[in-house]
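Visitor: Could you take me through a single part of this model with some care, beginning with the terms on which the description depends?

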Amino acid sequence: MGIPHNRNGGLTLVVMPGFEPQARRVAETILSYSRGKTKSETPVDVVIPEFGFRASGEPFLRLGKRHVGGHDIVVLASGPGTWEMLGQLNLLLRYIAARGATRVALVTGYFPLCRS
């Protein structure tokens, strides 16, 4: 493997529940492009966060630091615009920012707050 295109060390696709197949296709496309067109390769990691609730009712999120620290992050998400989805997305974005992600992008086909 040569020098990666991504000067930040890697690309992490963080996938909200239900979008795993799309994320794997995107990762395969990026890897095949970088192998076929260039002498370097950008490592792509697909991560699925675990959401849950503690006994007290407080929500929590599990996502290893090795997937976030110093990487570029692309979050793949969509609707519906329920409180649960919006809360999970907000929790995830704050978690990623606090863990030292270099750059963060959110890709969503649906975002209910744009209507207000």
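Guide: A residue is called buried when its relative accessible area is under 20%, exposed when that area is over 50%, and partly exposed in between. The model is a predicted one, and the part to look at closely is D72, which lies in strand β5. With a relative accessible area of 10%, D72 falls under the 20% cut-off and therefore counts as buried.

The side chain of D72 is joined to that of R103 by a polar contact of 2.6 Å, and the two residues form a salt bridge, the closest N and O atoms being 2.6 Å apart. This pair links distant parts of the chain, for D72 belongs to strand β5 while R103 belongs to strand β6, which covers residues 103-108, and the two residues are 31 residues apart. The partners fall into separate classes of accessibility: D72 is buried at 10%, whereas R103, with a relative accessible area of 46%, is partly exposed.

A search of the whole structure finds 2 salt bridges, and it is useful to set the other beside this one. E50 forms a salt bridge with R62, where the closest N and O atoms are 3.3 Å apart. That pair, too, links distant parts of the chain, with E50 in strand β3 (residues 50-53) and R62 in strand β4 (residues 59-62), 12 residues apart. Here E50 counts as partly exposed at 45% relative accessibility, and R62 is likewise partly exposed, with a relative accessible area of 48%.

Strand β5 also leads into the nonpolar interior. The largest nonpolar core has 15 residues, and those with the most contacts inside it are L63, I73, V75, L92 and I96. Two elements, β5 (72-77) and α2 (83-98), each give two or more residues to this core, and α2 gives the most, with 5 residues. In general terms, nonpolar side chains in soluble globular proteins tend to be buried together.

V75 shows how this part of the core is connected: leaving aside its neighbours within four places in sequence, V75 is in contact with V14, M16, L89, L92, L93, I96, A105, L106 and V107. A second, separate core consists of 10 residues, L11, L13, V15 and L31 among them.

Taken together, the view from strand β5 holds a buried acidic residue, D72, in a salt bridge with R103, and, through the residues that β5 gives, a share in the largest nonpolar core.

How values were computed
Residues numbered from 1 in each chain as written. Predicted model: local features only at pLDDT ≥ 70, side-chain atom pairs only at ≥ 80, totals over all residues. Heavy atoms only, no water. Core = buried A, V, L, I, M, F, W, Y, C linked by side-chain atoms within 4.5 Å. Buried < 20%, exposed > 50% of the residue type's maximum accessible area, 1.4 Å probe, protein only. Helix = DSSP H or I, 4+ residues; strand = E, 2+ residues; numbered from the N terminus. Contact = heavy atoms within 4.5 Å. Salt bridge = Lys/Arg side-chain N within 4 Å of Asp/Glu carboxyl O. Polar contact = N/O pair within 3.5 Å; in protein donor to acceptor, adjacent residues only side chain to side chain.
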